[in-house]
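Q: Please take a close look at a single part of this structure, and describe how the part is placed among its surroundings. Before that, set out how the chain is divided.

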Amino acid sequence: MNDLQQGTVYLVGAGPGDPDLLTVKAQRLLSQCGALIYDSLVPVEVLDLVAGSCERHFVGKRRGHHSVPQAKTNAVLLEMARRHDCVVRLKGGDPFLFGRGAEEAAYLYRHGVPVEVVPGVTAGIAVPAYSGIPVTHRLAGSSVTFVTGHEGVDKQRVGVNWKALATASDGLVIYMGLHNLRHIVAELIHGGLDGSTPSAVIQQGTVIGQRLLKVPLSQLVEKVETMGFTAPSIIMIGVAVNFQVEACSPPLAHVTMPISF
Ligand SMILES: C[S@@+](CC[C@H](N)C(=O)[O-])C[C@H]1O[C@@H](n2cnc3c(N)ncnc32)[C@H](O)[C@@H]1O
């Protein structure tokens, strides 16, 4: 590559943990890339798919430390695109769902770097599925909402109207919801959601160590606290939880995975 050329940055979804949930395209790009920039929640077994010569940069959050600032991640992406033909920016789940993928894509585009997105299997669907829980069911209504419980911290996001969601959506799939759970549940019940509504929390889904709690909404906060659930966890609220088919749960993957961030 000469000085004027820029490599392509692929924004790749790594899926929720089980390496078998990588897409064929993701696996191909990982085997070809000259540089890999990755986050927390990507298991070592996925990182090991890159060549020994591949330059690796971790830009996620380590236990007890702050995340790498976005400006620094952007700088690393630009630098890697200048040095390599094929750069993989690997993110947990899907890069365009609560993953800042679009922000990074826009930044790269503004700086003249070719960028492509490679969608991934999102935790909000795969994690319940690995417990046999469908996110929709014909007998559980017609809508589901993917929502983050981690609001407002960076003041970049409008707060979620939980009271409105209580009646507007038949099912809720909540990412990053543990920290605010007490507030979320109080608002949902205040907004008209019945305390008997089925709910589930799944920690560290798809990999060994996966834990599941199923409980009526009114008991959710207390049980989550007494059982010590931690991130990463998906919270599901809605009648679809009752349509769990345990028999269809795939075996969990053996991986070395950061379970907290
Ligand atoms: C920053 S969001 C990234 C979501 C990701 N882009 C996706 O599409 O799955 C991180 C959150 O995803 C959820 N998550 C990701 N992997 C998970 C897993 N293996 N088990 C449970 N929840 C997971 C948790 O709610 C976690 O806090």
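A: In this predicted model, the C-alpha centres of domain 1 and domain 2 lie 27 Å apart, where the domain assignment of the chain gives residues 8-121 to domain 1 and residues 124-248 to domain 2. Contact between them involves nine residues of domain 1 and nine residues of domain 2, and the side of domain 1 that touches domain 2 is made up, by class, of six nonpolar, two polar and one charged residues.

The part chosen for the close look is strand 10, which covers residues 233-238. Six of its six residues are buried, and strand 10 is therefore largely enclosed by the rest of the structure. In a regular strand, side chains alternate between the two faces of the sheet. In strand 10, Ser233, Ile235 and Ile237 point one way, whereas Ile234, Met236 and Gly238 point the other way, and all of these residues are buried.

The pairing of strand 10 can be followed through two partners. Strand 7, residues 171-175, runs antiparallel to strand 10 and is joined to it by five bridges; within this pairing, tyrosine 175 has isoleucine 234 of strand 10 as its bridge partner. Strand 8, residues 198-203, is likewise antiparallel to strand 10 and joined to it by five bridges, and here valine 201 stands opposite isoleucine 235 of strand 10. Isoleucine 234 and isoleucine 235, named in these two pairings, point opposite ways from strand 10, and both are buried.

Methods: Residues numbered from 1 in each chain as written. Predicted model: local features only at pLDDT ≥ 70, side-chain atom pairs only at ≥ 80, totals over all residues. Buried ≥ 20, exposed ≤ 12 C-beta atoms within 10 Å, placed from the backbone. Helix = DSSP H or I, 4+ residues; strand = E, 2+ residues; numbered from the N terminus. Pairing = 2+ DSSP bridges. Domains from an automatic or database assignment. Contact = placed C-beta atoms within 7 Å. Nonpolar A, V, L, I, M, F, W, Y, C, P; charged D, E, K, R; others polar.
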